[in-house]
Amino acid sequence: MAVGILLVTHLGIGTALSAVAGRLLGPLPLAVEAFEIAYDADPDAVLPAASAALRRVDGGDGVLVLTDVYGATPANVAARLAHLGTPVRRVSALSLPMLLRVLNYPELPLDELPAVAAAGARNGVVHDDA
Amino acid sequence: MIERELTVANRLGLHARATARLVQLLSGYDVNATLTAKGREVNAKSIMGVMLLAAGTGTAVTLRVDGTDEAAAADAVCALFERRFDEDS
């Protein structure tokens, strides 16, 4: 399996998260690329570049697209990426625990990774009052 | 099933990078593995699981490994702890 991971986010977020994951894990087991969208970007204008990023990370088994805020422009661009022919699954609320957990299950097929990602984000929330 | 008593000896404790090394090491073995510390047992093959131990330096942890590779896995984890995750020179 060679699922790709595309982080479609606001400025500064995707690149930073993938850099931290790289520092923690060393060489990443899956192709990861960040595609950041400027605050005033026109979704139509960035779609070709986003599509090119999607194709770069696709190893033939589809792409897990992780976005930061559901309903924001990056997530809306991600939604359009799902209609370009490449198998795509999307999960929002990207966080470092989510990304690390996905990268800990590199052997799973695309259809199983959304649940892995969601559990990573949920389990990362700890009420730290101890 | 093999059980080993270990002590977190590196200065930073089971922080993110050390945890990632442990989880990556164990992912190469066909075992179920848990770590127990401070009364909490977690999956030792899960990064966030191990991070939830919040095990600082000096913490005693119990490793349990169960599976076909259990002897090799236990030795490898013990060696990693003894090497302080290759962090303190």
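How many residues does each of chain A and chain B bring to the contact? In this predicted model, chain B puts in 8 residues and chain A puts in 10 residues. Let's stay with chain B for a moment. On its side that touches chain A, the elements giving two or more residues are α1 (16-27) and α2 (47-51) of chain B. Of these, α1(B) gives the most, with 5 residues. If you sort that side of chain B by class, you get 6 nonpolar residues, 1 polar and 1 charged.

Now move along chain B to helix α3, which runs over residues 70-82. This helix has 13 residues, and from its first C-alpha to its last it reaches 18 Å, close to the 18 Å expected at 1.5 Å a residue.

Which residues of α3(B) are buried? They are B:A73, B:A74, B:V77 and B:F81. These four cover an arc of only 100 degrees around the axis, so they sit on the same side of α3(B). A bit of helix geometry is handy here: with 3.6 residues a turn in an α-helix, residues three or four places apart point the same way.

What do the buried residues of α3(B) pack against? Their partners are β1 (2-7), α1, β2 (31-37) and β4 (60-67), which belong to chain B. So α1 of chain B turns up in two places: it packs with the buried residues of α3(B), and it gives residues to the side that touches chain A.

Turn α3(B) around, and the face away from its buried side carries the exposed residues B:A71, B:A79 and B:E82. After the helix comes B:R84, with a positive phi near 55 degrees.

Key
Residues numbered from 1 in each chain as written. Chains lettered and ligands numbered in written order. Predicted model: local features only at pLDDT ≥ 70, side-chain atom pairs only at ≥ 80, totals over all residues. Contact = placed C-beta atoms within 7 Å. Nonpolar A, V, L, I, M, F, W, Y, C, P; charged D, E, K, R; others polar. Expected span 1.5 Å × (residues − 1). Buried ≥ 20, exposed ≤ 12 C-beta atoms within 10 Å, placed from the backbone. Arc of directions from axis to C-beta.
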